[in-house]
Amino acid sequence: MYARIYNNKLVRVYSKEDLNNSEIISKLKGREVAGFTIRDKHNNIIFYDKDKVSAKELQLIIRNLDTATIAIKMSEEEVIDYFYMIAKMQLMERNRESFTEDELYEWMNSTIDSGIVKSKVWLEAKDRVYERLLDSGFHKI
């Protein structure tokens with residue numbers, strides 16, 4: 001699983017390794033989808049643009065597991081959790097209890113896809129992420 005920006009939304013992309021797990025498959029049903037892809041027998045990528053994952057789409061993905069990927073839109077809370085965990089890890093790895101916005105931005109940018117940290121998604125989430133870090137005992141300088 002990895003995260004990407006798609007249409008100004010943060011999405012989780014699941015591929016073969018993730019989709020082999022029945023727990024993950026069961027969690028996908030009914031989720032808001034950015035889309036999914038399957039490679040055909042000529043190795044062409046076929047993109048399916050869907051709103052929700054239905055049982056029919058899950059069966060199509062499972063039958064084509066070796067060549068399928070699916071991107072699930074993350075909820076607002078999942079986005080906050082995603083950024084919070086990355087920020088917290090960066091602070092802990094550096095044995096820091098305090099941070100500046102610029103430092104944290106630089107550390108996160110070096111850890112995850114820079115397009116994610118430069119996105120509208122981060123700009124909309126950062127105040128809540130900072131608040132959560134402060135609630136966890138970290139200090140903003």
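**Chat about a sheet and its salt bridges**

Colleague: What stands opposite Val 11 in strand 5?

Modeller: Lys 73 in strand 5 stands opposite Val 11. Strands here are DSSP E runs of at least two residues, helices are H or I runs of at least four, and both are numbered from the N terminus.

Colleague: What kind of model is this?

Modeller: This is a predicted model, where local features need pLDDT of at least 70, side-chain atom pairs count only at pLDDT 80 or more, and totals for chains, interfaces and linings use all residues. Residues are numbered from 1 along each chain as its sequence is written, and side-chain values use heavy atoms, leaving out hydrogens and water.

Colleague: OK, back to that pair. How many bridges join strand 2 to strand 5?

Modeller: Four, between residues 9–14 of strand 2 and residues 68–73 of strand 5, and the two run antiparallel. Two strands pair if DSSP finds at least two bridges between them.

Colleague: And what does Val 11 in strand 2 have from strand 1?

Modeller: Arg 4 stands opposite Val 11 there. Five bridges join strand 1 to strand 2, again antiparallel. The two strands form a hairpin with two residues between them, and Asn 7 in the turn has a positive phi of about 50°.

Colleague: In what order do the five strands form the sheet?

Modeller: The order is 1-2-5-3-4, in an open sheet with antiparallel pairing. Strand 1 (2–6) and strand 4 (45–48) are the edges, each pairing on one side only. From one strand to the next the twist averages 25°.

Colleague: Which helix packs on the sheet?

Modeller: Helix 3, residues 55–63, does, touching strand 3 (33–39), strand 4 and strand 5. Touching is contact, heavy atoms within 4.5 Å. The direction of helix 3 makes about 35° with that of strand 3. Axes are lines fitted to C-alpha atoms, for helices over the stretch in contact, and angles run from 0 to 180 degrees between N-to-C directions.

Colleague: Switching to charges: how many salt bridges does the structure hold?

Modeller: It holds 12, counting a side-chain nitrogen of Lys or Arg within 4 Å of a carboxyl oxygen of Asp or Glu. One of them joins Asp 113 to Arg 4, with the closest N and O atoms 3.4 Å apart.

Colleague: How many residues apart in sequence are the parts that pair ties together?

Modeller: They are 109 apart: Asp 113 lies in the loop between helix 5 (101–111) and helix 6 (114–117), Arg 4 is in strand 1, so the salt bridge ties those parts together.

Colleague: What does Asp 66 meet in a salt bridge?

Modeller: Lys 16, at 3.1 Å from N to O. Asp 66 is in the loop between helix 3 and strand 5, and Lys 16 is in helix 1 (residues 16–19), 50 residues apart. Asp 66 counts as exposed at 60% relative accessibility, and Lys 16 as partly exposed at 35%. Buried is under 20% relative accessible area, exposed over 50%, and partly exposed in between (1.4 Å probe, protein chains only).

Colleague: Is Asp 18 buried or exposed?

Modeller: Asp 18, in helix 1, is buried yet has no salt bridge. Its nearest side chain of opposite charge, Arg 12, is 9.5 Å away. Lys and Arg count as positive, Asp and Glu as negative, while His and the chain ends are not counted.

Colleague: So what does Asp 18 touch?

Modeller: Met 1, Val 13 and Ile 24, not counting residues up to four places away in sequence.
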